[in-house]
Structure formats: C-alpha cells, structure tokens
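Please look over the sequence and the model before reading on. The paragraphs below follow two helices and then turn to a pocket.

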Amino acid sequence: MSSTSAGLDPVRGRVRSIGRAELVGMLAMAMAVGALGIDLMLPAFDAMRADLGLAPGSNAIAGTVTAYFLGLAAGTLVYGPLADRFGRRPTLLASYAVYAVGALASALAPSLTVLLITRLIWGLGAAGSRVVVMAVVRDAYEGEEMSRAISHLMAVFIVVPVFAPTVGAGIVAVASWRWVFGVCVVAVALMAAWTLRLPETLRSEHRIEAGPRQIARAAGIVASNRTTVAYTLAMSSLYAVFISYLGTAENLFSRTFDQAARFPLIFGGLAAVIGVAMLLNARIVRRVGSRRLSNVVLAAYLVMASVMVIVALITGGRPPLFAFLVGLAAMFGCHALLIPNMNSIALAPMAEVAGTASSLMGASQLGIGAVLAALLDRAYDGTVTPLSLGFLGYGVLASALVLWARGAARDAPLSPDPALQ
C-alpha cells in the first residue's frame, strides 16, 4: 500500500488503525446495509399489497423503492458537507440513527401513504453510508487504485443483493412483512457498533466549515469541472434503468414470466453477475485504464441494449425467459464495469472537497435517476418492452454526456491524475 493509502491509518495519531481487510469489509457492509432496505423487501411486495389494500399486481408498490431513492438523493446533500466538517465516522453514526428511525417507522406504517413517507426518511438515513464510504475511499486512494478499491467494495457489497431476497422470502413465509423491516433495524444497530472501529480519514487540511459560503464554494468547484458533471449525469442515466428494474422486477418475473417461486433465486443470480463483473473490473482497469475501459464498455452496452429492444419488439414484449435473463446479465455486467470507473473519473479532481463532491454526485445520480426511473415505472405494461427501451434510451443519453466530457481538456483538476487520461 502506498504512502497515500496510509490515510487509512489515524490521520493525526488519534484513532487506532485497522487492517485493510477489515476496513474493506466494514465499508462494503456500510453500503450493503443501505441495499438491505430495498432487496430484503422485494419478495414481500405481494404481502404488502394485500395488507395495504392494493390490487394484486399493482405497480404502485414500486413507489416504496422510488421514495427510498429520493431519500437517498436528498440525504447525500446533507452528509457530504457534514463529513467534510465533522469527520467521516461521526457522520456515518448519525446517518445510522436516522436509518433506524425510518426502518422502525416503516415497519409500523398503517397505509401506503405513510409508508412512502417513512421510506423517504429511511432513505435519508441510508444516504450517509454511501457518501461517507466514497469519501473515505477518495481520502485513501487515487487513480486506478481508487477504481480497484471501489470494485472490491462493490464486489463484497453485492453479497447482500444475492442473498437478501431469499432471506426476505423466508421471513415472509413465517411472519408478517413488517418483520422484514425489523431485521434492517437490527442490522444497522450492529453496523453502528462496528463503525466505532473506523479510523478517521479526513485530513486536517481538508476539513472545512459547514457554512453556506463554504458549501457554495465547494459546489462551485464541483459544478465548474466538466468531467465531474458529465460523468455524474451519465451515471444518473444508468442508475435510472437499474432503479426501475428494482421496482418492477417482482412483477416482471412473478407475472410476465410466472416465476414467483424462483424470484429470489433469479434476482440473486443476476446480482451475482454484477459482483463477478466488479471483481474482474479491479484487474482489467489496471491494464486498460478507467477512461478507455468505460468507453469500450459503453459502446458494448448500446449494442446489447439495441438487441434487447429488437427481441422485445419481435416477441411482443414477452421473450423466452432464458433470452431475457441473458440480456439482463449482459446489461448488468456492463453496469458493473461502468459505475466504479465513472465514479472514479468524476471524483478524481475533487480531492479538496471529496465529501461535498461525493454528496453532490450522489444526489444527482440518485435524484435524477429516481425521476427518470419513475417514468419507466409508469410505462410498465406487463411486458419487458419499457425496460428494454429504457436501457437503450438512457444508454444513448449517457454516451452523449461522455462525448461531451471529452471536450473538457481545458479543465484544471484540483488533483491531476494522469492514470485516468
């Protein structure tokens, strides 16, 4: 590990260091506890519909996913500045407290309307882990080393989407769907206890006051860098399709393909594809470079999305299950290669304001992504056609933004990184 990575150790000797393996595991699980708030409940959608008075198969339940992501987006605007002012660990602990309140309130929600509000609060709490984890990674790594670190984190994190639906289905089989949310309360309490071992990685020279003027200055630095803006918006487009998939997956596999019993297995299998691709990314990026790999994969993404649209149109939106799964696996494999590299490219120039940059980037990705995903959710018609068109349309938008970023050579990054050029 380089001297730069020594930031993982106590910055001024005030916090004991921990091993790299434990740190990676802790950061990965911090991100995973946020994913738990979505993936654990997906098999409970039918039970939730019945208990909340919704019609069987109603896609209104997808609003619980959208509300969560909107909370994530709003929360990232808060935690970034707090992390830059008060430090990474106290900010993470505060976010866990909000998470626990939102999860407990969701477990007690008497109606869909109340549930949407409590899910928003829950998302506000879940936002802290994502912002703080990305800031810690930016504190400790640079360039392609940062891409590899993000890939390792995401590969560990992906264990939750692989197994969470099966666990959720097991809970619903023996208890109320409300206990699914109760498990999340227990999980975040355990993470809060583990986080007490997290060393503070915020360097004293990067600590800023959390006042309006300082936040506005940091936001100006972020907004003035075309590379950061372009890649952040490109990721927003890619997140939109994934968020829509999360909200409609249960309906698609349970009703379009009549695979309700196998839904946890299918969902987990596709999540495993993402994990494997992220592990491969950590090796590939070392040889190819973040920008080149992103460009090649984005081109492949468009080709495969076009094939999915053609197949959907030919089959009336109901292709053979195997063909659809192959298409999804290909698209999610591309997502897994694109997201960590685009994140590292966007965040690389932001060393001086890593927390706020991570905050603004996360808010844009999730907020814009959730709005675009809601459009796809509304277009859901019981077939795979809207989702397939979403992959292609939003992929084209992401590609256009990346092309725009290529004209950013005149930008003057705060922390130049030739490895990303």
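How many residues does helix H3 have, and how far does helix H3 reach from its first C-alpha to its last? In this predicted model, helix H3 runs over residues 63-86, which makes 24 residues, and its first and last C-alpha atoms lie 34 Å apart, close to the 34 Å expected at 1.5 Å a residue. Along the way H3 bends by about 30° at Thr-76, and just after the helix comes Gly-87, whose phi is positive at about 110°.

Helix H10, residues 226-256, can be read in the same manner: with 31 residues, helix H10 reaches 42 Å from its first C-alpha to its last, close to the 45 Å expected at 1.5 Å a residue. At its start, a side-chain oxygen of Asn-225 comes to within 3.1 Å of the backbone nitrogen of Thr-227. Further on, H10 bends by about 55° at Thr-248, and just after the helix Asp-258 takes a positive phi of about 55°. Of the 31 residues of H10, 27 are buried, so this helix is largely enclosed by the rest of the structure.

From the helices the reader may turn to empty space. The second largest pocket holds about 160 Å³, and among the 13 residues that line this pocket, Val-307, Met-308, Val-311, Ala-323 and Gly-327 are the closest to its centre. Two elements, helix H12 (290-314) and helix H13 (321-347), each give two or more residues to the lining. As for its character, the lining of the second largest pocket consists of 11 nonpolar residues and two polar ones, with no charged residue.

How values were computed
Residues are numbered from 1 along each chain as its sequence is written. This is a predicted model: local features need pLDDT of at least 70, side-chain atom pairs count only at pLDDT 80 or more; totals for chains, interfaces and linings use all residues. Side-chain values use heavy atoms; hydrogens and water are left out. On a 1 Å grid over the protein atoms alone, a cavity is a set of points where a 1.4 Å probe fits but cannot get out, and a pocket is an open set with protein on both sides within 12 Å along at least five of seven lines; lining residues have an atom within 4 Å of a point. Grid points are joined across faces, edges and corners, and a volume is the space filled by probe spheres set on the points. Helices (H or I, at least four residues) and strands (E, at least two) are DSSP runs, numbered from the N terminus. Ala, Val, Leu, Ile, Met, Phe, Trp, Tyr, Cys and Pro count as nonpolar, Asp, Glu, Lys and Arg as charged, and the others, Gly among them, as polar. The expected span of a helix is 1.5 Å times one less than its number of residues. The bend at a residue is the angle between axes fitted to the seven residues ending there and the seven starting there. Buried means under 20% relative accessible area, exposed over 50%, partly exposed in between (1.4 Å probe, protein chains only). A polar contact is a pair of N or O atoms within 3.5 Å; within protein, one must be able to donate a hydrogen and the other to accept it, and residues adjacent in sequence count only if both atoms are side-chain atoms.
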